[in-house]
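User: Please take a close look at one part of this model and describe how it relates to the rest of the chain. I would like a single connected account, with the cut-off given for each term.

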Amino acid sequence: MAYLSVELEPIPDKLMQQRPNANAVRSMEKVLEAHGKYWCSLQRSASTLGCSLSEALQRDTEEAETVSAMASLSVANKHMGKRSEEEPMEEETS
């Protein structure tokens, strides 16, 4: 990621693995509790509050892959249902 053509240094692995301060996590939980009912997008962040940056990014990746897979299954199922209406499948003989 770059801002005004200035390349940023990569985040050190040790920092990526570091978990947030417990007091900070409790404060953020209170913020989410108070504002989550008005800002639904905040609810998504609640599950990663106590995670390291590395863990949070991994969860985001897994979630995106799951959503993509579910969407693919949904689309495939929709097309299969449409095909069966348009052209019946032949029955297999034993």
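Analyst: What follows sets out the chain as a whole and then turns to helix 4 and the residues that meet it.

The model is predicted, so local features are taken only where pLDDT is at least 70 and side-chain atom pairs only at pLDDT 80 or more, whereas totals for chains, interfaces and linings use all residues. Numbering starts from 1 along each chain as its sequence is written, and side-chain values use heavy atoms, with hydrogens and water left out.

The mean pLDDT of the chain is 83, and 76% of the residues reach at least 70; pLDDT is the predictor's confidence in each residue, on a scale from 0 to 100. Confidence is lowest in strand 1 (residues 2-3), with a mean of 63, and highest in helix 1 (residues 13-17), at 95. The chain holds 4 helices and 2 strands, in the order β-β-α-α-α-α from the N terminus. These elements are DSSP runs numbered from the N terminus: helices are H or I runs of at least four residues, and strands are E runs of at least two.

Of the 94 residues, 10% count as buried. Buried means under 20% relative accessible area, exposed over 50%, and partly exposed in between, with a 1.4 Å probe and protein chains only. The chain exposes about 8,800 Å², of which carbon and sulfur atoms supply 56%; accessible areas come from the Shrake-Rupley method with a 1.4 Å probe, and for residues only the protein chains shown count as cover. Among contacts with a separation of 6 or more, 51% join residues 24 or more positions apart, a contact being heavy atoms within 4.5 Å.

Helix 4 comprises residues 53-86, and Leu53 belongs to it. Leu53 is partly exposed, at 38% relative accessible area. Together with Ile11, Leu15 and Leu57, Leu53 forms a nonpolar surface patch with about 350 Å² of accessible area in total. Residues qualify for a patch with over 30% relative accessible area and no salt bridge; like charges are joined within 9 Å, and nonpolar side chains (Val, Leu, Ile, Met, Phe, Trp, Tyr) within 5 Å.

Ser54, also in helix 4, is partly exposed at 24%. Its C-alpha atom is separated by 8.5 Å from that of Asp13, although the two residues are 41 residues apart along the chain. Beyond its neighbours within four places in sequence, Ser54 is in contact with Met16 and Gln17.

A further approach to this region comes from the loop between helix 3 (40-45) and helix 4, where Thr48 is found. Thr48 is buried, with a relative accessible area of 18%. Neighbours within four places in sequence aside, Thr48 is in contact with Ala56 and Arg59.

Charged pairs come next. The whole structure contains 3 salt bridges, each defined as a side-chain nitrogen of Lys or Arg within 4 Å of a carboxyl oxygen of Asp or Glu. Glu55 pairs with Arg19 in one salt bridge, the closest N and O atoms lying 2.8 Å apart. This pair links distant parts of the chain, since Glu55 is in helix 4 and Arg19 in the loop between helix 1 and helix 2 (22-35), 36 residues apart. Glu55 is partly exposed, at 30% relative accessibility.

Arg44 and Asp60 form another salt bridge, at 3.6 Å from N to O. Arg44 is in helix 3 and Asp60 in helix 4, so this pair ties together parts 16 residues apart in sequence. Arg44 is exposed at 53%, while Asp60 is partly exposed at 36%. Arg44 also forms a salt bridge with Glu63, where the closest N and O atoms are 3.3 Å apart. Here too distant parts of the chain are linked, with Arg44 in helix 3 and Glu63 in helix 4, 19 residues apart. Glu63 is partly exposed, with a relative accessible area of 36%. Through shared partners, the salt bridges join Arg44, Asp60 and Glu63 into one network.

The cysteines remain. A disulfide is a covalent bond between the sulfur atoms of two cysteines. With a disulfide taken as a pair of cysteine sulfur atoms within 2.5 Å, the count is 0 disulfides. Cys40 is exposed, at 62% relative accessible area, whereas Cys51 is buried, at 11%.
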